[in-house]
Amino acid sequence: MILTATLLLSLFAVPAMAQSLSTGWLTHPDHPPAQVRFMLTGEVDKVNNQARGLLEVKLDGEWKTYWRSPGEGGVSPVLDWSNSNNVSNLKWHWPTPAYYEQSGIMTLGYKHDVIFPMELTFNDINKPVNFSGKLTLPTCTNICVLTEYDLELDPIALTDIEANPEAQHLYQQGISNVPTQSNLTRIIAASFNHESQQLQLQLEHTDGWEKPQILVDGQEITDDYFAQPSITIDGDIATATYKVTNWLGKTDLVGKSISITVSDALFSHELSTVIDNKPFVERSSTSLLTIMAFALLGGLILNIMPCVLPVLGMKLNSMLASSQSTKRSIRLQFFASAAGIISSFWLIAVGLLALKLTGNAIGWGIQFQSPIFIGFMVTITALFTANLLGLFEIQLPSRFSTSIANKGNNSTLGHFIQGMFATLLATPCSAPFLGTAVAFALGASTIEMLLVFTFLGLGMALPWLLFALFPNFVTLMPRPGSWMNKVKVLFGLMMLITTLWLLSLLTPFIGGFSTFIIGFLLSIYLLYRVGKTQGKNTVIAIIAVIVLTSSAALIIGSMTTKHWATPIEDNLAWQPLNENAINEYVEQGKTVFVDVTADWCITCKANKIGVILQDPVYPALQQKNIITMKGDWTHPSTKITNYLKSHQRFGVPLNVVYGPNAPQGIALPVLLNSDDVIQALEYAGRTP
């Protein structure tokens with residue numbers, strides 16, 4: 001008899017223990033479609049005086065409840081636990097919500113079954129807890145109901161409770177839908193335009209996007225409503241633009257902190273940032289076909305940029321030498337050069353894609369930030385210089401050379417290398433249309449990126465393809481003769497100048513004195529070797545050409561300087577690029593001129609010498625109300641890379657003018673001209 005009574009008591013004791021951790025399902029007689037229950041999982045963190053719990057809500061049919069920021073209509077659920085004993089805090093976790101539309105009003109919330117994970121913190125883990133809460137739950141269909149539920153748990157001895165498997169499972173189910181912190185998603189920009197009352201967010205996710213949902217809320221923007229955004233996707237970058245309204249009228253979000261909840265098919269992340277007033281990223285309406293045309297034209301223009309001229313000299317020399325060759329041989333040579341150019345662009349695209357996928361900085365000409373790459377280019381150009389000056393000839397093994405010669409294309413490999421080399425030398429140059437094409441490519445999908453770089457290569461290879469298709473053009477060149485040796489030496493001098501220029505790019509890495517010594521010794525050695533192989537007269541002629549050319553340039557420059565230039569002297573008070581300081585200066589009524597440049601950027605130097613340091617721009621930049629800032633991208637810099645990206649640029653130069661009338665900045669063209677700069681300075685400096 002005693003044994004039977006003991007068994008009965010034990011059977012009733014287990015449910016009582018389980019029941020003490022849950023309120024059970026609660027319904028309100030005035031609102032049967034909704035059920036709620038509050039549970040503890042039985043897991044206790046004695047170190048931090050915490051325990052896990054959850055609130056589960058079940059809704060029938062089309063009834064829904066709301067997220068912490070309910071949207072244009074609705075009210076968030078609230079749990080008042082102030083009457084509880086020994087509870088110091090309750091943290092409510094919110095699963096990722098969905099948009100719902102009702103009578104033209106967009107809300108954020110949940111339907112059917114939702115679990116809200118919670119974390120309770122206690123004053124003293126060794127004392128009993130009496131949880132007493134009042135849940136105010138809003139639910140809506142075509143009507144809305146506000147219902148209150150009393151969530152009461154019997155006093156619980158936290159040190160004695162056991163885990164509740166059902167509650168543990170539900171907690172894990174709920175927490176899996178709560179956004180997490182992750183470095184896979186990052187914020188590129190968060191900008192507010194006061195005039196249009198719009199917020200723009202730009203986010204990057206390393207694994208790309210499918211159909212993202214991007215929500216905005218925060219403690220500092222509780223009176224602001226963010227309409228469902230328009231979202232555009234370019235590769236790994238998603239841009240969301242929101243129309244912002246406030247019941248008090250116009251709002252100002254600049255400087256306010258926000259939370260961003262971003263979710264997609266396989267993830268849900270939460271981030272935070274502070275809103276600024278930088279210019280919006282323009283959503284490109286340019287079609288892919290237009291960008292491909294820009295790429296073709298930009299690649300073609302690269303052929304006349306100073307970076308590529310030395311290689312063109314080599315090509316002209318080979319054209320002269322091949323003018324008596326067969327049409328088949330000429331075609332092979334030019335097709336090989338074109339293939340080298342296109343292959344090199346593909347290699348650049350693959351390299352940039354690899355950097356992009358690994359989260360590194362990407363940009364046109366970014367390889368010149370590496371001293372190893374610059375050293376490699378110096379070595380290659382020095383070898384080409386020596387070859388053009390006749391110091392040595394690159395010889396293949398006789399058997400291999402004879403085999404190729406019998407096929408009529410003994411220089412195919414050399415022409416292929418020339419094409420690749422020309423592309424590498426072109427990368428520190430920017431050209432019209434090139435920046436637009438590259439910016440589109442670096443923010444586009446993998447296939448679009450490869451397609452744009454293919455058309456860049458085709459554009460640059462176009463002259464060679466033209467000669468390959470019409471080899472008779474080569475016969476229009478002068479006949480070979482002894483004069484070719486002199487032309488070859490001239491091309492060798494052009495390549496030597498390129499070598500010395502590349503060597504000068506090592507100055508930030510190895511110092512000016514070391515760079516000068518290396519350049520001086522290299523020049524002396526080459527002249528010495530030229531004297532040994534071609535005689536002293538050739539050396540004298542080379543020195544004479546250098547002296548005469550330099551003297552002529554100085555004389556012409558001094559005679560015409562009043563018509564085209566002021567003395568090239570940089571006395572501008574350049575400050576390091578600082579975006580926070582830009583905003584401060586603009587608020588003070590000043591105008592800020594930003595120059596993002598790099599030592600290896602030829603176009604940057606052309607802009608500086610030809611425009612920035614000349615009348616009328618130079619005196620304008622010296623005015624007291626003008627602040628000049630410089631961003632040096634010679635070395636890798638995350639700050640400058642992000643600044644470039646914020647203006648949809650992936651390479652230098654970049655010049656932007658800020659002022660009271662243009663706080664978001666006016667981005668200038670890649671190739672500067674005085675009129676554009678002066679107009680931007682005058683417009684930005686006006687009082688709005």
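A surface patch here is built from residues with over 30% relative accessible area and no salt bridge, and nonpolar side chains are joined within 5 Å. Keep that in mind for the first stop. The model on your screen is predicted.

**Stop 1: the nonpolar patch**

Select Phe513, Phe516, Ile517, Phe520, Leu521 and Ile524. Together they form a nonpolar patch on the surface. Their combined accessible area is about 640 Å².

Now pick out phenylalanine 516 alone. Which helix holds phenylalanine 516? The residue sits in α13, which covers residues 512–534. Phenylalanine 516 is exposed because its relative accessibility is 56%, and the cut-off for exposed is over 50%.

**Stop 2: the disulfide**

Move to cysteine 140 and cysteine 144. Show their side chains. A disulfide is a covalent bond between the sulfur atoms of two cysteines. Here cysteine 140 is joined to cysteine 144, with 2.0 Å from S to S. The count for this model is one disulfide.

Look along the S-S bond. The torsion about the bond between cysteine 140 and cysteine 144 is about 115°, so this disulfide is right-handed.

Next, turn on the surface. Is cysteine 140 buried or exposed? Cysteine 140 counts as buried, because its relative accessibility is 3%. Cysteine 144 is exposed, at 57% relative accessible area. The bond therefore links a buried cysteine 140 to an exposed cysteine 144.

**Stop 3: a three-stranded sheet**

Select β14, β18 and β19. These three strands form an open sheet, in the order β14-β18-β19, with antiparallel pairing. The edges are β14 (213–217) and β19 (268–274), each of which pairs on one side only. On average, neighbouring strands of this sheet are turned by 20° against each other, direction ignored.

Zoom in on β14 and β18. Strand β18 spans residues 257–263. How many bridges pair β14 with β18? There are five, in the antiparallel sense. To see one bridge pair, select glutamine 213 and serine 263: serine 263, in β18, is the bridge partner of glutamine 213.

**Stop 4: glycine 414**

Finish at glycine 414. This residue lies in helix α8, residues 412–426. Glycine 414 counts as partly exposed because its relative accessibility is 38%, and that class runs between the 20% and 50% limits.

Add serine 337 to the selection. Draw a C-alpha to C-alpha distance from glycine 414 to serine 337. The two are 77 residues apart in sequence. In space, their C-alpha atoms are 8.4 Å apart.

Conventions
Residues are numbered from 1 along each chain as its sequence is written. This is a predicted model: local features need pLDDT of at least 70, side-chain atom pairs count only at pLDDT 80 or more; totals for chains, interfaces and linings use all residues. Side-chain values use heavy atoms; hydrogens and water are left out. Patches are made of residues with over 30% relative accessible area and no salt bridge: like charges are joined within 9 Å, nonpolar side chains (Val, Leu, Ile, Met, Phe, Trp, Tyr) within 5 Å. Accessible areas come from the Shrake-Rupley method with a 1.4 Å probe; for residues, only the protein chains shown count as cover. A salt bridge is a side-chain nitrogen of Lys or Arg within 4 Å of a carboxyl oxygen of Asp or Glu. Helices (H or I, at least four residues) and strands (E, at least two) are DSSP runs, numbered from the N terminus. Buried means under 20% relative accessible area, exposed over 50%, partly exposed in between (1.4 Å probe, protein chains only). A disulfide is a pair of cysteine sulfur atoms within 2.5 Å. Two strands pair if DSSP finds at least two bridges between them. Axes are lines fitted to C-alpha atoms, for helices over the stretch in contact, and angles run from 0 to 180 degrees between N-to-C directions.
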